[in-house]
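Visitor: I have a chain to look over before lunch. Can you put it up and take some questions?

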Amino acid sequence: MKKCLLFFSGGSESAAWGSVLLIRILVGWVFIFAGLRKFLEPESMGAGRFEEMGMPFPAFMGPWVGFWEITGGLLVLLGLVTRAGSIPLIVTMIVAILTTKMPNFATDGMISALHSMRLDVSLLLASLYLLLAGYGKCSLDHIIHRRSSH
């Protein structure tokens, strides 16, 4: 009973590493598939979308962003240089919020604009969490660091 109470009160070590793992899975999954879509559906999700938004060099930027979403997503998912892997994801979300969501304030109003950016802000905060928290126990980094310390 004491272990159960400790787990649900947030004081358990297993809850801490489990939380990092769940956030890594969430962030990695979303970014890997967002990046893949930029290559598989370039007109609607990659260069074509970037061109429609008025981004400079859309033929370069679509694949470039897709590459970093896949790379960062894989690193985060595997727990391999998690902090470094989270950086391009953070940059991607800041740019996405500034270029695709902030203009909605002028056209749609505050509540609608804030609602439209909920996923972007959630991914930004989850990626920032991984930058601060690191990889957790269930990760390749943990295995590498454990082996190198023995």
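**Burial, fold and surface**

Guide: Of the 150 residues in the protein chain, 34% are buried (under 20% relative accessible area, 1.4 Å probe, protein chains only). This is a predicted model, in which local features need pLDDT of at least 70, side-chain atom pairs count only at pLDDT 80 or more, and totals for chains, interfaces and linings use all residues. Residues are numbered from 1 along each chain as its sequence is written, and side-chain values use heavy atoms, with hydrogens and water left out.

Visitor: How many helices and strands does the protein chain have?

Guide: There are 10 helices and zero strands, taken as DSSP runs (helices H or I, at least four residues; strands E, at least two) numbered from the N terminus.

Visitor: And what box do the C-alpha atoms fill?

Guide: Roughly 55 × 35 × 20 Å along the principal axes.

Visitor: Switching to the surface. Which residues make the nonpolar patch?

Guide: Leu 22, Ile 25, Trp 29, Phe 33 and Phe 67 are among them, and the patch has about 1,300 Å². Areas come from the Shrake-Rupley method with a 1.4 Å probe. Patch residues have over 30% relative accessible area and no salt bridge (Lys or Arg side-chain nitrogen within 4 Å of an Asp or Glu carboxyl oxygen), with nonpolar side chains joined within 5 Å and like charges within 9 Å.

Visitor: Where does the largest share come from?

Guide: From H2, with seven residues. Helix H2 (13-40) and helix H5 (58-78) each supply at least two.

Visitor: Take Phe 33. Buried or partly exposed?

Guide: Phe 33, in helix H2, is partly exposed at 41% relative accessible area, between the buried limit and the exposed one of over 50%.
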